[in-house]
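Student: Please take one part of this model and go through it closely. I would like to know what lines it and what surrounds it.

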Amino acid sequence: MPAVVTMQGNITMTTAAVLTQAFFQSPVKHGLVNRVTVVVRAAVQNRPDWSVPALFMRLRSGRLWYRPGTAPGGERFDKWPSLVIDLQVGMCTPVVGVGITEALLGTRQDIATDWAQSYRYPMAPHNRDSLPQVAQYLSVNQNRRFPCLKYMSHLRRTLVERYREDLPADLLDEDASLEDLLAAAWEAQHRREEVEPFSVLAQLPAPVYITTLNSRLLANAPRDASRRPEVELCRWHEDADWPESVFDRELDYRPTPERPLIYHLLGTFDEPESLVLTEDDHFNFLIGVTRNQDLVPAVVRWRLSDSAQMFLRSRLDEWDFRVLYRSLMNSEGGRRRAQYTHVAVQLDPEEGATVDAGRAWRCLKTYFSNARVSLYWGSTEHFAKDPQDAWGARR
């Protein structure tokens, strides 16, 4: 919890009534909740129990949220014109992180913490919320397949608990397809949301999507009937029985906005052996694609080096993003990447994940500066809303 307004003792009903009215009538400008507390105390300063209201806060700046697209220092995101042009001509590649499904499935940190407690994770306490590290422990303590099967079982149980009333009866069985469950739960969520990121992404004129998602929601999102996406997996190790590649099935296949390629870097649920989950998996993936760049199709390598990248819901401290980012930095074409506007959508303090937003923003800006990546400070939902008028007018 970033901030809590509480009473540090008994309070009279008269003071509580004045306090409550003052609190909800005070404009929380720019998310500065500590200023609201000052206004509230001023409203009851003549009461004998004026000092009872108290604010407990873990944010140093006192700022609960920011205007979408505005950095903590007030800097506005001003790259929309070039980004829209790149989208318009099909030279922007969305790179979609696992954070885009957190509203649907919860966070990977919560899953890791739950596993660490359930299976008595013995390593450093600060690693208890790292899914790859906790999964690595389970792969040693149990067996190699256990983390993958447990992960899918956990997600299945979460979906049933959250969306039971919206799911068909046949999907409540334990042997129901996880992908079918995800699709049904997403449909339920989609009906409630004004702007839903998958729908916005599906409408972009992008020939290639690169994702660290393990689900096929990006391919199943509603789109024009004329759009028929192809799903491809990164074949990062030789032990799996990989499905047939579209590039083997159609030697002349070239991704287009009408028939885009959705490239899953870290595997999918319907191919469990393809999943990159444990620490060892991430290391093996990075070693594999670094030593043999042909593991990644040429068209994907080309898009990573010669198009604008739009990183969505990729957290700097997540292993999946770090592996992806290092792979990108080690690939060829650094000079060509400098021709484009790249953007990374980073979470704001409203998510409760940042203690000092200003320092976090400066750290991220420095981290991305070598790759010429501009930061959009806000949620994916806000990012999806902001440019709709900009690129909608040009469609």
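The answer below takes one pocket first, then a helix beside it, then a cavity, and ends with the chain as a whole.

Tutor: This is a predicted model, in which local features need pLDDT of at least 70 and side-chain atom pairs count only at pLDDT 80 or more, while totals for chains, interfaces and linings use all residues. Residues are numbered from 1 along each chain as its sequence is written, and side-chain values use heavy atoms, with hydrogens and water left out.

The part chosen is the second largest pocket, with about 550 Å³ of space. It is lined by 18 residues, and those closest to its centre are Arg144, Pro272, Glu273, Leu275 and Asp281. On a 1 Å grid over the protein atoms alone, a pocket is an open set of points with protein on both sides within 12 Å along at least five of seven lines, a cavity is a set where a 1.4 Å probe fits but cannot get out, and lining residues have an atom within 4 Å of a point. Points are joined across faces, edges and corners, and a volume is the space filled by probe spheres set on them.

Helix H6 (131–141), helix H7 (146–163) and helix H12 (279–291) each give at least two residues to the pocket lining. Helices (H or I, at least four residues) and strands (E, at least two) are DSSP runs numbered from the N terminus. By class, the pocket lining splits into seven nonpolar, five polar and six charged residues. Here Ala, Val, Leu, Ile, Met, Phe, Trp, Tyr, Cys and Pro are nonpolar, Asp, Glu, Lys and Arg are charged, and the others, Gly among them, are polar.

Leucine 275 deserves a separate look. Its place is in the loop between strand S6 (261–264) and H12. It counts as buried because its relative accessible area is 7%; buried means under 20%, exposed over 50% and partly exposed in between, with a 1.4 Å probe and protein chains only. Leaving aside neighbours within four places in sequence, leucine 275 is in contact (heavy atoms within 4.5 Å) with Cys148, Met152, Asn214, Trp236, Leu266, Gly267, Thr268, Phe269 and Asp281. Ten residues along the chain from leucine 275 is leucine 265, and their C-alpha atoms are 9.0 Å apart.

Two of those contacts, Cys148 and Met152, are among the buried residues of H7. H7 has 18 residues, and its first and last C-alpha atoms are 26 Å apart, close to the 26 Å expected at 1.5 Å a residue; the expected span is 1.5 Å times one less than the number of residues. Its buried residues also include Tyr151, Leu155, Leu159 and Tyr163. In general, an α-helix has 3.6 residues a turn, so residues three or four places apart point the same way. The buried residues of H7 pack against H4, H5, H6 and H8.

Cysteine 148 is buried, with a relative accessible area of 12%, and cysteine 234 is buried at 1%. A search of the whole structure finds zero disulfides, taken as pairs of cysteine sulfur atoms within 2.5 Å.

H7 also takes part in a cavity lining. Of the five cavities of 30 Å³ or more in the structure, the largest has a volume of about 160 Å³. Of its 17 lining residues, Val98, Thr101, Leu105, Arg108 and Tyr151 are closest to the centre. Helix H4 (102–105), helix H5 (108–118) and H7 each supply at least two of the lining residues, and H5 has the largest share, three residues. The cavity lining holds eight nonpolar, six polar and three charged residues.

After H7 comes arginine 164, in the loop between H7 and H8. It counts as partly exposed because its relative accessibility is 45%. The 15 residues of helix H8 (residues 178–192) should span 21 Å at 1.5 Å a residue, and its end C-alpha atoms are 22 Å apart, which agrees. The buried residues of H8 include Leu181, Ala185 and Trp186, and together the buried set packs against H4, H7, helix H9 (197–203) and helix H10 (217–220).

As for the whole, the protein chain has 18 helices and nine strands, and buried residues make up 52% of its 395 residues.
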